[in-house]
Amino acid sequence: MSDRKRIHPYNQPAGGWGALKALGEHLVEQGIPVRGARTLLRMNQPLGFDCPGCAWPDPKHTSSFEFCENGGKAVAWESTAERCTPEFFEAHTVSELAGWSDYELEMAGRLTHPMAYDPASDRYLPVGWDEAFATIGRHLSALPDPNMAEFYTSGRTSNEAAFLYQLFVREYGTNNFPDCSNMCHEATSVGLPQSLGVGKGTVLLEDFDTADCILIFGQNPGTNSPRMMTSLRNASRRGATILSFNPFRERALERFQAPQSPFEMTTLTSTPISRCLYQVRVGGDVAVVKGMMKFLVAQDALSPVLDWEFIRKHTMGIAALVADLKATDWADIERQSGMRRDEIEQAAAVYMKAPRAIVVYGMGITQHRHGAAAVQQLANLCLLKGNIGREGAGLCPVRGHSNVQGDRTVGITEVPTAEFLDRLQARFGFKPPSAHGHNVVTALEAMTRGEVRVFVGMGGNIVAAMPDWQVTRDAFRRLDLTVHVSTKLNRSHLVHGRQALILPCLGRTELDVQATGPQSITVEDSMSMVHASLGLNTPASPHLKSEPAIVAGMARAALGSRTVVDWEALVADYDRIRSAIEDVFPIFGNYNARIRVPGGFHLTSSARERVWNTPTGKANFLVFPGLGEDPDQHDPDVLWLTSVRSHDQYNTTLYSLSDRYRGVWGQRDVVFLSAEEIEKRGFRPGDRVDLVAVSDDGIDRRVCGYQLVAYSFPAGSCAAYYPETNPLVPLQAHDPMSFTPSYKGIAVRIVRAALDKAA
Ligand SMILES: Nc1nc2c(c(=O)[nH]1)N[C@H]1C(S)=C(S)[C@@H](COP(=O)(O)OP(=O)(O)OC[C@H]3O[C@@H](n4cnc5c(=O)[nH]c(N)nc54)[C@H](O)[C@@H]3O)O[C@H]1N2
Ligand SMILES: Nc1nc2c(c(=O)[nH]1)N[C@H]1C(S)=C(S)[C@@H](COP(=O)(O)OP(=O)(O)OC[C@H]3O[C@@H](n4cnc5c(=O)[nH]c(N)nc54)[C@H](O)[C@@H]3O)O[C@H]1N2
Ligand SMILES: [Mo]
């Protein structure tokens, strides 16, 4: 936090000594230099807890200690020595806290007591658990229609808590499950089933050991899934070709120094990662992928390079795809992608020649108005070469939150299938609602229309994570009751309804003791491996409850005598929750036995087996007409802004104000763009500007006083940090298929700062 404000390039490789130093400093800042280090040794171990950071898998969860700077920061953040107590809330009104930065709010430490908002004093006051549950029960029972409540989930929630949560909410009577994945990989969950019949990836960690080529689109592994660097480094060292497509030359995509390698650490050497790093224009990926496929199809006409045996046996729609590619002009592809034809052909040739290829992608693909279509074009690219369902090959969406994928698997969805609802009814005996519920965008729209009275958040910080802050905030302030199950104080607690509750819960690292003894929970990683996690730290406060216990408390209070579920029994022993999950979802067969095997088990992905659960019974080539152009894009003054994570943040949580690899220190109000784009607009690097969103609804959306940073960045594009730039994203700017907000494709103009705060 102490970094002096400056822009100064960082020339070291990703990882290495810089990472060790940064984590050491972070443990000191959280007041746990020794205890924190000890806690880290239990991360991702057979009898330890699952890292609460990202969803990248571990080598069978049986490895010796694997250093990960950002996993370490996530753990230290949760195990901090700081406490946010009733005395803290006594000392600060909510209006005062609203003026604090997000960083300062979370630095208050772990929440220790359930708290209820008191309008008379404008403070949160301590409240007993029973009274808190009774308040929730009273509000929910009073609603004339259960669809007037929203039940949000953030992806750290365990399978057990998530399953109980959906059980409670469905017995209560709604499918309103806005979820963090609506802002994240929904484009995958919606796009891939149409292509491959399953909304998940098709690779396992071991596939990285035999892939000949790895393409990485719009994902920043060195920061957001640093343990992935081990796989990439090994692949690079054994000669696999890695190509990256990203507007930034992200350091970890260039070179990586493995903290695990005594040789690299002592000789200060590193491993090159990407053979080429293509600086694609923001939003230009559909064009790149179509260009690559156009090249493959053209080559195939000369001599076959596509996997025709696979295409004939397993797919539908090749003719329409080929026709669409033929009709697409190279000039348009070049303009939209920001890449030259020869570069795209070079990349395509590498992919063409590779016997086995993995296509990896992240938020740079999904968070666009055409996110689901972009995902489908990546699936097309894989299908052309038969790169699905064989060793060393496949599609690899890198999930975000450590259990966002598991939450979906166990029923957190606003669009449940009839089969799932039938099984739920058969197992529990109540009739769950079948009408589709709200996702985050439609929930907010309903809130804005005044159709929602109660919001319950199972983790997360939705008010900061959502687009269009003004609209979001107005909507939350209209509610009768807002409830947040949280570990730390955040913005969502301060933008509250008439009544508001903060319910503090145990974190992943902490011991969870219920009536039958200590409990473990389970999570599913990005590659569909399910394994147990056992917290061992003493809880941050004796007043915390586990997420499952909190769900049970809310359920009993809201459902009263009408519930058919024995909530006490389920919470007393999480094995019983897992048995219930298994009853509803047969893929979890033998759940309790299988998670006791170190490393856990794999939930099969049908596409990996080349079983296509699509309406056609085949994998589908899907055509996306056009290249994802946007109406405003031919206005030369408009820049396409992408909002990204710094190296020192976890979503809305900031660990510091610096971004080491990008050379930004002590500040976040910066915008990256090329020197040419700066000059073209009559500015100089270092000038302060306002970013003004371009939209046709007449609303002035702007963020002010941003410093221009000259950077190697594609023409027509710029980047700044999430969540500060969220006010710029109009709520209606989302993918029509998946409703994913267009966080990475925001049309903006830059204007001289109204208030020049340059110092
Ligand atoms: N330490 C840490 N770990 C995390 C998180 C965190 O915040 N901090 N968040 C977790 C979550 S919930 C998620 S979803 C993941 C997010 O992990 P990522 O998917 O890596 O997310 P971002 O950093 O938002 O953006 C990814 C990359 O996309 C690039 N990009 C931006 N726009 C475009 C574009 O139009 N095209 C292309 N090709 N690239 C583009 C950016 O430059 C960036 O390198 O990480 C998870 N892990
Ligand atoms: N502009 C822009 N906006 C974005 C994105 C972007 O790239 N750009 N990314 C989007 C993405 S990918 C995501 S996933 C969302 C993230 O949205 P969320 O998941 O809603 O946000 P987080 O910042 O992860 O939530 C942090 C809070 O979670 C609580 N918490 C932490 N651990 C636990 C726990 O174990 N249990 C409980 N109950 N609570 C806990 C703490 O109180 C903490 O303050 O943001 C989205 N918003
Ligand atoms: Mo995410």
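**Two ligands in a predicted model**

In ligand 2, a nitrogen atom sits 2.9 Å from a side-chain N or O atom of Ser 643. This is a predicted model, so let us treat that contact as a way into the structure and look around it. Two further side chains offer polar atoms to ligand 2: Tyr 722 places one 2.7 Å from an oxygen atom of the ligand, while Thr 487 has one 3.3 Å from a ligand nitrogen. On its own, ligand 2 has 930 Å² of accessible area, and the protein covers 97% of it.

Which elements give two or more residues to the shell around ligand 2? They are the helix α24 (462-465) and the strand β17 (481-486). In total, 32 residues surround this ligand, and the closest are Glu 106, Tyr 152, Glu 547, Thr 652 and Asn 726. If you sort the shell by residue class, you will find 13 nonpolar, 13 polar and 6 charged members.

Stepping back to the domains helps to place ligand 2. Domain 1 (105-180 + 403-588) and domain 3 (639-752) both contribute residues to its shell, so ligand 2 lies between them.

Now let us move on to ligand 1. Here the backbone comes into view: a polar backbone atom of Asn 220 is 2.9 Å from an oxygen atom of ligand 1. Thr 223 has a backbone N or O atom 3.1 Å from a nitrogen of the ligand, and a polar backbone atom of Phe 245 likewise lies 3.1 Å from a ligand nitrogen. How much of ligand 1 does the protein bury? Taken alone, this ligand exposes 920 Å², of which the protein buries 98%.

The shell around ligand 1 holds 30 residues, and Glu 250, Asp 285, Arg 645, Gln 649 and Asn 651 are the closest. At least two shell residues come from each of the helices α10 (221-224) and α19 (363-366) and the strands β25 (639-644) and β26 (649-650). Thr 223, whose backbone we have just met at the ligand, falls within the span of α10 (221-224). By class, this shell is made up of 10 nonpolar, 16 polar and 4 charged residues.

Why does ligand 1 lie between domain 2 and domain 3? Because domain 2 (186-398) and domain 3 (639-752) both give residues to its shell. Putting the two sites side by side, domain 3 (639-752) gives residues to the shell around ligand 1 and also to the shell around ligand 2. Its partner at ligand 1 is domain 2 (186-398), and at ligand 2 domain 1 (105-180 + 403-588).

Key:
Residues are numbered from 1 along each chain as its sequence is written. Chains are lettered from A and ligands numbered from 1 in the order in which they are written. This is a predicted model: local features need pLDDT of at least 70, side-chain atom pairs count only at pLDDT 80 or more; totals for chains, interfaces and linings use all residues. Side-chain values use heavy atoms; hydrogens and water are left out. A residue is near a molecule or strand if one of its heavy atoms lies within 4 Å of it. A polar contact is a pair of N or O atoms within 3.5 Å; within protein, one must be able to donate a hydrogen and the other to accept it, and residues adjacent in sequence count only if both atoms are side-chain atoms. Accessible areas come from the Shrake-Rupley method with a 1.4 Å probe; for residues, only the protein chains shown count as cover. Helices (H or I, at least four residues) and strands (E, at least two) are DSSP runs, numbered from the N terminus. Ala, Val, Leu, Ile, Met, Phe, Trp, Tyr, Cys and Pro count as nonpolar, Asp, Glu, Lys and Arg as charged, and the others, Gly among them, as polar. Domain bounds come from an automatic or database domain assignment.
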